[in-house]
Amino acid sequence: MRFKNWEYPIIEDGKPTKYNWIVQHTENLKLGQMTDIGAFTYVNAQYGIEIEDYVQIGSHCSIYSVSTIDNKEGRVVLKKNCKIGTHSVVMPGVTIGENSIIGAFSFVNQDIPDNVIAYGVPARIIKMIDPDNKNLDY
């Protein structure tokens, strides 16, 4: 079982966790239980990031609540049991729906609904997931 020995990580602003991911503006991060965040992932929570229970984020991802390139800002919400593939980028103001899967190397700049598979640059919905037939692995 993926989360058998899960413990809430110690998160210090701008410092790598023991799993080697970094959060800036930790006071604006809401992290749920049984989350799995890969090494070298960067989270900028300046305008709020909520990561709900059982979310899995691959290594080398970037999650931004603020973008200095295009001056966008907004809260990011990763809903329960969503999965984000390695090297993906989630931009400000985006919500990724419950049980949805974002493929590796995707650029997510708009909301993704519940129970879909999406990937690409920019990420597009590719397939619906039957919520009654999903493997939750917990």
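**Exercise 1. Find the bridge partner of I57 in β11, then place the two strands in their sheet.**

Solution. The bridge partner of I57 in β11 is I84. These residues belong to strand β6 (residues 56-57) and strand β11 (residues 83-84), which run parallel and are joined by two bridges; strands here are DSSP runs of E of at least two residues, numbered from the N terminus, and two of them pair if DSSP finds at least two bridges between them. The model is a predicted one, in which local features need pLDDT of at least 70 and side-chain atom pairs count only at pLDDT 80 or more, while totals for chains, interfaces and linings use all residues. Residues are numbered from 1 along each chain as its sequence is written, and side-chain values use heavy atoms, with hydrogens and water left out. Next, the sheet itself is open, with six strands in the order β3-β6-β11-β14-β16-β17 and mixed pairing. Its edge strands are β3 (36-37) and β17 (124-128), each of which pairs on one side only.

**Exercise 2. Describe how β16 and β17 pair, and what joins them.**

Solution. Strand β16 (residues 116-119) pairs with β17 in the antiparallel sense over four bridges, and V116 stands opposite M128 in β17. The two strands form a hairpin with four residues between them, and in the turn G120 has a positive phi of about 120 degrees.

**Exercise 3. Explain why C82 forms no bond with C61.**

Solution. A disulfide is taken as a pair of cysteine sulfur atoms within 2.5 Å. The sulfur of C82 lies 11 Å from the closest cysteine sulfur, that of C61, and is therefore too far away for a bond. A search of the whole structure finds zero disulfides. As for their surroundings, C61 is buried, with a relative accessible area of 0%, and C82 is likewise buried at 0%, where buried means under 20% relative accessible area, exposed over 50% and partly exposed in between (1.4 Å probe, protein chains only).

**Exercise 4. Trace the network of salt bridges that includes E50.**

Solution. A salt bridge requires a side-chain nitrogen of Lys or Arg within 4 Å of a carboxyl oxygen of Asp or Glu. E50 meets K30 at 3.8 Å, N to O; this pair links strand β5 (residues 49-51), which holds E50, to strand β2 (residues 29-31), which holds K30, with the two residues 20 residues apart. E50 also forms a salt bridge with R75, the closest N and O atoms being 2.4 Å apart. K30, E50 and R75 are thus linked in a network, in which E50 counts as buried at 13% relative accessibility, whereas K30 is exposed at 52% and R75 is partly exposed at 45%.
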